[in-house]
Amino acid sequence: MTDLYAVVGNPIAHSRSPWIHAQFSRQTGQDMVYEAILAPLGEFAPTVADFRGRGGRGMNVTVPFKLEACALANRLTPRAKAAQAVNTLVFDGEGVLGDNTDGVGLVRDIRTNLGFPIAGKRVLLMGAGGAASGVILPLLEQGPRTLLIANRTRQKAHALQQRFSCHGNVISGDYEDIGGESFDLVINATSASLAGELPPLTAGIFSTGAMAYDMVYGGTGTPFLDFARQHGASRQIDGAGMLVEQAAESFLVWRGVRPETGRIIDRLRAAP
Ligand code: ATR
């Protein structure tokens with residue numbers, strides 16, 4: 001019988017996840033279908049229950065339901081527990097398992113696809129919302145020299161620093177606290193790009209050979225990547241690779257097979 005999966009969010013019409021998972025299932029010969037489901041705000045749990053009632057085996061969860069998905073799961077993987085956010089649900093005989101594949105997806109794109117080792121590097125992570133908290137543990141597991149979490153609202157960055165300080169060398173502050181420091185890897189996990197905005201960065205932020213990575217993807221450049229180009233970052237990368245890699249990790253969790261991602265990332269960038 002064909003197994004049923006879906007991505008749930010609001011809005012959801014723009015989601016490329018059904019296309020990505022269709023490529024994965026064709027490539028690996030897995031017998032599955034993957035839908036996009038719009039959940040009305042305030043109706044996440046009934047929407048998931050309805051999907052399970054139709055025989056659904058697993059779901060990806062996107063904005064704005066990652067916290068609700070975390071609360072709904074009766075078991076969490078260690079990486080979902082650390083993130084306090086869930087983007088992958090598995091429905092099995094024991095109930096609902098919550099996982100988070102966002103951080104692994106980011107790290108895999110940076111390390112494996114882009115060939116940029118994070119170990120020993122000075123990393124700046126901008127933002128302290130759900131997108132940022134989901135990637136901190138996998139970044140720290142790579143052993144960066146420092147991870148600075150910078151956020152407009154300093155207290156939120158500080159709270160994340162405290163939560164993750166036992167996992168590595170994490171510091172926090174607002175954008176003024178960056179001072180004249182420079183970084184080897186600067187990751188934009190704010191929602192500023194979605195509004196066509198840019199966090200207040202200073203010109204010398206990129207060290208020689210630095211990579212700028214915007215977790216947002218959409219076919220056109222973002223204000224942050226434009227800034228990076230103008231201020232000496234060697235590489236400017238959008239979030240297309242992270243999107244495909246987090247999907248591949250979810251696929252692995254569900255099906256026990258890791259799909260090949262390189263060509264799918266290229267095709268996604270060519271036709272966003
Ligand atoms: P997400 O789940 O995408 O992380 P979120 O939890 O609403 O969404 O968090 C949005 C993040 O983007 C926050 O860190 C926010 O900063 P504040 O905590 O100070 O609000 C950041 N952000 C949004 N717009 C921004 C802008 N124009 N400049 C800098 N940071 C911005």
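The paragraphs below go through the surroundings of the ligand and then the packing of three helices in this predicted model.

Around the ligand stand 14 residues, and of these Asn151, Arg152, Thr153, Lys156 and Glu197 come nearest. Sorted by residue type, the shell around the ligand comprises seven polar residues, four nonpolar ones and three that are charged. Three of the nearest residues also place a polar side-chain atom beside an oxygen atom of the ligand: for Lys156 the separation is 2.6 Å, for Asn151 it is 2.7 Å, and for Arg152 it is 2.9 Å. The ligand on its own has 650 Å² of accessible area, of which the protein covers 73%.

From the ligand the description can turn to the helices, beginning with helix 7, which spans residues 154–164. The axis of helix 7 comes within 11 Å of that of helix 6, formed by residues 130–141, and the two axes cross at roughly 40°. An angle over 35 degrees but under 65 falls outside both the roughly parallel and the roughly perpendicular classes, and helix 6 and helix 7 are therefore oblique to each other. The crossing in which helix 6 passes helix 7 is right-handed.

Helix 6 also meets helix 5, which is made up of residues 102–113. Here the axes come within 7 Å, and they cross at roughly 50°, so that helix 5 and helix 6 are likewise oblique to each other. The handedness of this crossing between helix 5 and helix 6 is again right-handed.

Conventions. Residues numbered from 1 in each chain as written. Predicted model: local features only at pLDDT ≥ 70, side-chain atom pairs only at ≥ 80, totals over all residues. Heavy atoms only, no water. Near = heavy atom within 4 Å. Polar contact = N/O pair within 3.5 Å; in protein donor to acceptor, adjacent residues only side chain to side chain. Areas by Shrake-Rupley, 256 points an atom, 1.4 Å probe, with all protein chains shown as cover. Nonpolar A, V, L, I, M, F, W, Y, C, P; charged D, E, K, R; others polar. Axes fitted to C-alpha atoms, helices over the stretch in contact; angles between N-to-C directions. Helix = DSSP H or I, 4+ residues; strand = E, 2+ residues; numbered from the N terminus. Parallel < 35°, antiparallel > 145°, perpendicular 65-115°, else oblique. Left-handed = near helix turned anticlockwise from the far one by under 90°.
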